[in-house]
Amino acid sequence: MTIETILFVAHTEEDGSLGRAALECLTGAVELHRQIAGASLVAGVIGVDATAAAVAISGCGASKLFAVSGPEFAMSRYASDTAALDSICRTSGATIIVAPATSRFNRAVPGAAQRIGGKIDTHVGGFLVNGAEVTIQRGYYRQRMIATLTRAARPWFVTIDAGLFPKFEGAAANTPVESLTVATSDAFNRTKVVGYRAPEADAQTIRPDANLLFVAGVGWTKKQADGQVHLTEAADIILGFLDKSKASLGSSKSLVDQSTEGHNVFSFMSHLNQVGQTGATPRHAKGLSACCHGEEPHVVGWRFIGERRAINLDANCGWAQGKTDVLYIADAFALVKKVGELL
Amino acid sequence: MSTGFHIVVLGSLVPDLLQTLEPVQGPTGPALKNEMMLPAVLDPWAAHALFEAAHLAAKTPGSKVWLVSLGPKAKLQQLMMSIAQKVPFELVAIDGPSSGFTDPTEVAAALAGAIEKIPALDRTRMLLFGGCASASRDAGVTVQLVGERLGVTDQFLAADELTVSAEGTFTILERVEGGKYLVSEVAGPPCAIAWATGNLPEPPNNPQVGMQNMRTLMPALQKAQPAQFGKQETVFHSVEIPKQERRTRIVKDVPIDEMAREIADWIKG
């Protein structure tokens, strides 16, 4: 029987601390460690000054802490991140590596798994432990089916989506941090990270921490009762509602596709807002859809939305087929504007 | 001196997105009910990668695009009928399962092996393209695994834009948290880019492109190498459709003020 060594691995954010996704993932790793008899927990952090971040989580119960520090590990870059992950994983002798599914690690962890000869499962939605057997749950076919599976192969890399566990909170302990030296290579210098750029938009409309997801469908761009298209009014209503509700803005594919095809639509909306089969699958407590038909390829993106409500003129639209809790049959222009006023 | 890029696009078929999917237990593990009968399309994000590849190749003289595709030969042939008129490419077919339940490590080994056998491919000029995740396995790891096998250490995930400077360096925009882009500059090829949607619309069908592609498609399908996947060490305890049908309450013929108040209270609550 394999005696599991669980490695929690994370990277620091720009301010040198661990981000929310990492701290939530740490809670998951600690919970997994608690459930597997005889397992040990170790942790590793990558960043400019990873030691400080490792000390901050030393109260998690890890028997060993590793840090890979240096300016070359400040930013998200495949070559340096995989080298750092490789070093931590090999040094720790980990059999199960648990990492947050951040954009940085979504890119680097698969490469590290390949380099070490491990197997990988991503977007894991939960652990189950039965004796010594660890099983995970993850989606297939864009969350249209959920599998419960286990693997015999080790090392086994799993990345955990945000929003599954509460953030880890604990006082620092006295566990020493072992600094690992990762040799820099010419490969580090081929990619230079320039910085961040917000999409061309009038406002930042994607808010992952928002309680509410507001999804606009293509109906906002269609002719209204007077036979005219009211794009400016639609934009004002949507932005006004977002301002009052502090919601994150999602979109159906058909709406954002219009801008790709050169039509005059909303400047504050891009493919980054797209929810569904070929878009995002965000996690929010509540979701409100307006002017969207609720077809299956879109609604698969609502898998992790808790309470759902929709506004549509068609009482037989897709939302009515058991995909939302409440469906309001109304003119979205008038109703969303009114809701915005009440907020 | 050779110029242009050698762009290798990884992309396979997935069930048409409007199909109802039902998992069943097959002899080697989970599968889809009537999988061979389901209409198939090119994996959407891989399709974006293919369109971006063709667009870049058209702008850069001396470039060439290969589409490396793993799937049942008969299904690949059907798929090619629908995409051959879109953009020019040379197919490298691998005859094997297109199921989402195959292990990405084994799939990556098959894909990397096929790429290594492309005779005219200059790997110093190679751009490895693919989708940021498939609509089947949905893991988002295949491009990285293949890139790593091929020794490509400049990799990018969920890219929406690639621009090439006059000096031959790249600027790449990747989607990151909070609706932002991470901007990176790369010295040049080789590099691997797993695309999100990009910025290009689906190209219209072009019969001339179709004729050009068909000259190489059928021979490529005929000589497709079979991919042998070993018995999976993964044990699937269950695969099921999420039970999330809701009892929808339909509110109609109610004054708009009343509806608005109910929604506002729900948002605040």
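In this predicted model, chain A is built from nine helices and 16 strands. The C-alpha trace of chain A spans about 70 × 45 × 35 Å along its principal axes. Of the 343 residues in chain A, 54% are buried. Contacts that reach across the sequence are well represented: among those in chain A between residues at least 6 apart, 67% link residues at least 24 apart.

Chain A falls into two domains, with domain 1 covering residues 5-190 and domain 2 covering residues 212-342. Between the C-alpha centres of domain 1 of chain A and domain 2 of chain A there are 36 Å. Where these domains touch, domain 1 of chain A supplies five residues and domain 2 of chain A supplies six residues. On the domain 1 side of that contact, one residue is nonpolar, two are polar and two are charged.

A good place to start looking inside chain A is strand S9, which runs through residues 156-160. Five of the five residues of S9(A) are buried. On one side of S9(A) lie A:Trp156, A:Val158 and A:Ile160, on the other lie A:Phe157 and A:Thr159, and both faces are covered. Strand S4 of chain A, made of residues 96-100, pairs with S9(A) in the parallel sense through five bridges. Within this pairing, A:Val98 sits opposite A:Val158. Strand S5 of chain A, residues 119-124, also pairs with S9(A) in the parallel sense, here over four bridges. In that case A:Val124 is found opposite A:Ile160 of S9(A).

The residue A:Val98 reappears in the description of the nonpolar cores. The largest nonpolar core has 144 residues, and those with the most contacts inside it are A:Val98 of chain A together with B:Val9, B:Leu50, B:Leu111 and B:Ile193 of chain B. Helix H1 of chain B, residues 44-59, makes the greatest contribution to this core, giving nine residues. For B:Leu50, leaving aside neighbours within four places in sequence, the contacts are B:Val9, B:Gly11, B:Leu67, B:Val87 and B:Phe89. Another core lies apart from the largest one; this other core has 47 residues, including A:Met269, A:Val300, A:Trp302 and A:Phe333.

Attention can now turn to a sheet that draws on both chains. Four strands make up this open sheet, arranged in the order S6(A)-S7(A)-S8(A)-S14(B), with antiparallel pairing. Strand S6 of chain A (126-130) and strand S14 of chain B (234-240) each have a single partner strand at the edges, so one side of each has no neighbour in the sheet. From one strand to the next, the twist averages 25°.

The chain A part of this sheet can be followed strand by strand. S6(A) is joined by five bridges to strand S7 of chain A, residues 133-140, and the two run antiparallel. Across this pairing, A:Leu128 stands opposite A:Thr135 of S7(A). The hairpin of S6(A) and S7(A) has two residues between the strands, and A:Gly131 in this hairpin adopts a positive phi near 65°. Moving along, S7(A) pairs with strand S8 of chain A, residues 145-151, in the antiparallel sense, again through five bridges. Here A:Tyr140 has A:Met145 of S8(A) as its bridge partner. The hairpin of S7(A) and S8(A) has four residues between the strands, and A:Tyr141 in this hairpin takes a positive phi near 50°.

The two chains also meet over a broader set of residues. In the contact between them, 76 residues of chain A touch 71 residues of chain B. The chain A side of this interface comprises 37 nonpolar, 22 polar and 17 charged residues. A further strand pairing links the chains: strand S16 of chain A, residues 326-329, and strand S15 of chain B, residues 249-251, are paired in the parallel sense over three bridges. In this pairing, A:Val326 is placed opposite B:Arg249 of S15(B).

Terms used
Residues are numbered from 1 along each chain as its sequence is written. Chains are lettered from A and ligands numbered from 1 in the order in which they are written. This is a predicted model: local features need pLDDT of at least 70, side-chain atom pairs count only at pLDDT 80 or more; totals for chains, interfaces and linings use all residues. Two residues are in contact if their C-beta atoms, placed from the backbone, lie within 7 Å. Ala, Val, Leu, Ile, Met, Phe, Trp, Tyr, Cys and Pro count as nonpolar, Asp, Glu, Lys and Arg as charged, and the others, Gly among them, as polar. Two strands pair if DSSP finds at least two bridges between them. Domain bounds come from an automatic or database domain assignment. A nonpolar core is a set of buried Ala, Val, Leu, Ile, Met, Phe, Trp, Tyr and Cys residues joined through C-beta atoms within 7 Å. A residue is buried if 20 or more other C-beta atoms lie within 10 Å of its own, exposed if 12 or fewer, and partly exposed in between; C-beta atoms are placed from the backbone. Axes are lines fitted to C-alpha atoms, for helices over the stretch in contact, and angles run from 0 to 180 degrees between N-to-C directions.
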